[in-house]
Amino acid sequence: MPMEPPHTPVEILNVNGTSRVVLLCEHASAFIPDRYDGLGLAETDRDSHAAWDPGARALTVALSQALDATAIMATVSRLVYDCNRPPEAPSAMPEKSELIEVPGNRNLTPTERQARTDAIYGPFCEAVKQILDARGPETVLVTLHSFTPVYFGQPREVEIGLLHDDDSRLVDAMLTYSERLPARCVKRNEPYGPDDGVTHSLRLHALSRGLANVMIEVRNDLLRDHIDIDARAQEILALLEPALKNIMTEEKTS
């Protein structure tokens with residue numbers, strides 16, 4: 001059997017970007033390396049929202065270009081390892097995602113879990129660490145995700161979620177500009193929040209350094225093509241850019 005070609009678990013764009021913003025996209029790819037044998041998933045499940053966040057990578061790229069911001073993106077499916085979860089969390093390598101069973105994640109041994117952690121989570125976190133450590137305390141961390149419009153059979157009204165953990169200053173500032181998007185349902189800590197375990201990256205990479213931060217969730221039916229992507233990027237910028245100016249002003253006067 002031919003050897004699987006090497007695969008880099010992290011993609012970094014615009015490493016020399018001048019923006020104070022650093023973008024993360026932990027669920028940018030549905031790729032499952034051959035050694036995991038598709039995790040035993042049906043073909044349709046391998047490309048579903050369970051395997052990745054549809055549209056999130058394209059949105060991250062669009063914002064990286066608009067802001068001149070560095071972007072760090074995972075290149076392996078979150079079903080192999082979810083880079084927004086700590087190694088000890090069952091959801092880092094979930095046996096089930098919503099209604100989708102993941103046979104290849106059942107009964108993993110500690111050695112198998114550690115191997116995935118070392119191959120995927122470790123390099124991703126190290127890339128984030130190196131970039132953030134090279135920057136100053138004025139850096140702002142923005143993580144980008146998408147979510148399904150129907151979850152366990154229940155439709156979701158929220159269209160853009162602005163999530164935070166203990167540090168809400170950037171989300172507070174962004175929400176003051178939500179009237180700029182009158183056609184869009186924008187909410188705090190929806191459709192998920194800290195109690196759902198989704199703010200791991202914010203806690204690990206931003207809160208530990210005292211960096212302003214936000215996790216942005218966009219409903220994936222609003223990210224279907226490049227026209228949608230460009231429109232959502234502009235909507236996010238309408239909230240993010242003035243909020244960044246507010247924070248900079250507060251930092252200078254404090």
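What follows is a short chat about a predicted model.

Q: How many disulfides are there?
A: The count comes to zero.

Q: Why no bond for Cys125?
A: Its closest cysteine sulfur is in Cys83, and at 6.5 Å that is too far for a bond. A disulfide needs the two sulfur atoms within 2.5 Å.

Q: Is Cys125 buried or exposed?
A: Cys125 counts as buried, at 12% relative accessibility. Cys185 counts as buried too, at 16%.

Q: OK, new topic. How many residues are in the largest nonpolar core?
A: It has 36 residues. Those with the most contacts inside it are Val142, Leu162, Leu170, Met174 and Ile216.

Q: Which elements supply at least two residues of this core?
A: The strands are S2 (21-25), S6 (140-147), S9 (160-163) and S11 (212-219), and the helices are H2 (56-67), H4 (169-175) and H6 (226-253).

Q: And which gives the most?
A: H6, with nine residues.

Q: What is Leu170 in contact with?
A: Leaving aside neighbours within four places in sequence, Leu170 is in contact with Val140, Asn213, Val214, Leu240, Ala243, Leu244 and Ile247. There is also a second, separate core of 33 residues, including Ile120, Tyr121, Val128 and Ala206.

Q: Now pockets. How much space lies in the largest pocket?
A: About 500 Å³. Of its 27 lining residues, Arg78, Arg85, Ser97, Tyr151 and Tyr192 are the closest to the centre.

Q: Which element has the largest share of that lining?
A: S6, with three residues. Strand S4 (96-97) and S11 each supply at least two.

Q: How do the lining residues divide?
A: Ten are nonpolar, nine polar and eight charged.

Notes:
Residues are numbered from 1 along each chain as its sequence is written. This is a predicted model: local features need pLDDT of at least 70, side-chain atom pairs count only at pLDDT 80 or more; totals for chains, interfaces and linings use all residues. Side-chain values use heavy atoms; hydrogens and water are left out. Buried means under 20% relative accessible area, exposed over 50%, partly exposed in between (1.4 Å probe, protein chains only). A nonpolar core is a set of buried Ala, Val, Leu, Ile, Met, Phe, Trp, Tyr and Cys residues joined through side-chain atoms within 4.5 Å. Helices (H or I, at least four residues) and strands (E, at least two) are DSSP runs, numbered from the N terminus. Contact means heavy atoms within 4.5 Å. On a 1 Å grid over the protein atoms alone, a cavity is a set of points where a 1.4 Å probe fits but cannot get out, and a pocket is an open set with protein on both sides within 12 Å along at least five of seven lines; lining residues have an atom within 4 Å of a point. Grid points are joined across faces, edges and corners, and a volume is the space filled by probe spheres set on the points. Ala, Val, Leu, Ile, Met, Phe, Trp, Tyr, Cys and Pro count as nonpolar, Asp, Glu, Lys and Arg as charged, and the others, Gly among them, as polar.
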